[in-house]
Amino acid sequence: ITHHNILSVASIMIQAKAQPGVLFALARDKLPLRRILSAYCSVASEPLQVFGNAYSKDSVTNVPASILEKVERKLHHVPYHPVKIIKDRIVHHFQKKYVTRTGNATFAHVDNINPVVTTEQNFDSLLTPPDHQARSKADNYYLNSTTLLRSHTSAHQRDLIRSGLDRFLVTGDVYRRDEIDSTHYPVFHQMEGVRLLTRDELYAGQDGGSAELQLFESDPPCDVETADKQREHTIDAVKMAEFNLKTTVEDLVRDLFGPDIESRWNPCYFPFTHPSYEMEIKFQGEWMEILGSGIMRHPILASGGAPNKIGWAFGLGLDRLTMLLFGIHDIRLLWSHDPRFLQQFQSVGVDPKTNVTFAPFSKYPACYKDISFWVPREFSCNDFYDVVRSVGGDLVEKVQLVDKFTHPKTKQDSHCYRITYRSMDSTVTNEDINQLQNNVRERVVEQLCVQLR
């Protein structure tokens, strides 16, 4: 392959918005130019398939096959799975506590929405600024420039409100590129709670003067956003909605963790709520955050067809609650195919009194391998983590940056990562791990164009 031909192929690939790693991998094997182009065009033009739908690739596409394989797992639907158990407990709490006079549940529950959403649903409908980090390729799995695997269940808020719902829970699998350790996984499960209130619902039961209480500002000098409220809302409406939200969440947490659980609220920031609050609980002697919440941005309600209401929302991670309540030490276990995992939860129901503590069935030793390379200018550690996951799968327990070095002359940065391999259900030989590590090294060079040290 001549220098001119390589440049020609590179030009074609750039025009087709492809990753250069494909070219280098094929050229390394000294394949004829025609075969390189044929192989590349075949791979680049093949659309992604998700639930029978085809999605054309473009320069933004970054979802690997290892993630697409998880899309149909839906752990929150699997019988006896602890994630489903916690989901069912939360649904049971709301459908038991919040009912009409005739006993019908007032909160709808939706848990079967396709995880493929548009960027408009995932970001724009929630008022996420165009330059916000939340949109980054480094943090999301894009099918193409207009479509991605949802990064939160909030992506469905506006559409569900538009459908006529004003009290609902929505559950789903969500996807985020993240670090690799015992508590992080690129696929996890969220549950969202939303309630919209009219003026009469919000101020119901208020003694006298309730006729003067309003949801929205009418005096122009007060029509500004402050740390305490959005510009549209009165301070009375925000305080009442905050009280309604916090008492609702506190009741839920006591139901999940017991009546004596300690909790506290901290202010925080989300693009789609203001003011916003995080809840922490004191669990086994340590404070830990378990959910985020806040007063929904009024333009979201207005775009959903509910401009005359005020709303609140909360979102929590089912996987984290599951690990806390059942003593599961490694998030990879939630994705295990080993029947010994689900067997431990067959007697557990919606009543917290039926809880069990997970008994580990694997005590296999860990194997540690290091990899060092010079970091390209536009390097993202999440790109590296995706490569490692794609090769090692759930044998990878942890990836940790253990050393950084800057060359004194070239000023180029070098990273050294330690990969911890450990099987959850069998012994893996050193030869097996060495082969995996060699594959990681090859794939890192091919896909990320790094220079190994």
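Biologist: Which residue forms a salt bridge with Glu225?
Modeller: This is a predicted model: local features need pLDDT of at least 70, side-chain atom pairs count only at pLDDT 80 or more, and totals for chains, interfaces and linings use all residues. Residues are numbered from 1 along each chain as its sequence is written, and side-chain values use heavy atoms, leaving out hydrogens and water. A salt bridge needs a side-chain nitrogen of Lys or Arg within 4 Å of a carboxyl oxygen of Asp or Glu. With the closest N and O atoms 2.6 Å apart, the partner of Glu225 is Arg297.

Biologist: How far apart in sequence are the parts that Glu225 and Arg297 tie together?
Modeller: Helices (H or I, at least four residues) and strands (E, at least two) are DSSP runs, numbered from the N terminus. Glu225 sits in the loop between α8 (199-202) and α9 (235-257). Arg297 sits in the loop between β11 and α10 (298-303), so the pair ties together parts separated by 72 residues.

Biologist: Is Arg297 buried or exposed?
Modeller: Buried means under 20% relative accessible area, exposed over 50%, and partly exposed in between (1.4 Å probe, protein chains only). Glu225 has 40%, so it counts as partly exposed. Arg297 has 15%, so it counts as buried.

Biologist: Which residue forms a salt bridge with Arg340?
Modeller: The closest N and O atoms are 2.7 Å apart. Arg340 is partly exposed at 34% relative accessibility. At 10%, the buried partner is Asp338.

Biologist: Which residues do salt bridges with shared partners join into one network?
Modeller: One bridge links the side chains of Asp88 and Lys84 (2.7 Å, N to O). Both lie in helix α5 (residues 82-97), 4 residues apart, about one turn of the helix. Asp88 is partly exposed at 23%, and Lys84 is partly exposed at 22%. Salt bridges that share partners join Lys84, Lys87, Asp88 and Asp111.

Biologist: Which side chain makes a polar contact with that of Thr171?
Modeller: Thr171 is found in strand β7 (residues 167-175) and is buried at 2% relative accessibility. A polar contact is a pair of N or O atoms within 3.5 Å; within protein, one must be able to donate a hydrogen and the other to accept it, and residues adjacent in sequence count only if both atoms are side-chain atoms. At 2.9 Å, the partner side chain belongs to His109.

Biologist: How many bridges join strand β8 to β12?
Modeller: Strand β12 (residues 310-317) is mostly covered, with 6 of its 8 residues buried. Strands pair if DSSP finds at least two bridges between them. β11 (residues 286-296) runs antiparallel to β12, with 5 bridges. For β8 (residues 187-197), also antiparallel to β12, the number of bridges is 8.

Biologist: Which strands stand at the edges of the open sheet β14-β15-β13-β16?
Modeller: The 4 strands of this sheet pair in the antiparallel sense. Each edge strand has a single partner, so one side of it is left without a neighbour in the sheet. The edge strands are β14 (396-406) and β16 (451-452).

Biologist: What angle does helix α13 make with β14?
Modeller: Helix α13 (residues 381-392) packs on the sheet, touching β13 (367-374), β14 and β15. Contact means heavy atoms within 4.5 Å. Axes are lines fitted to C-alpha atoms, for helices over the stretch in contact, and angles run from 0 to 180 degrees between N-to-C directions. The angle between α13 and β14 is about 140 degrees.
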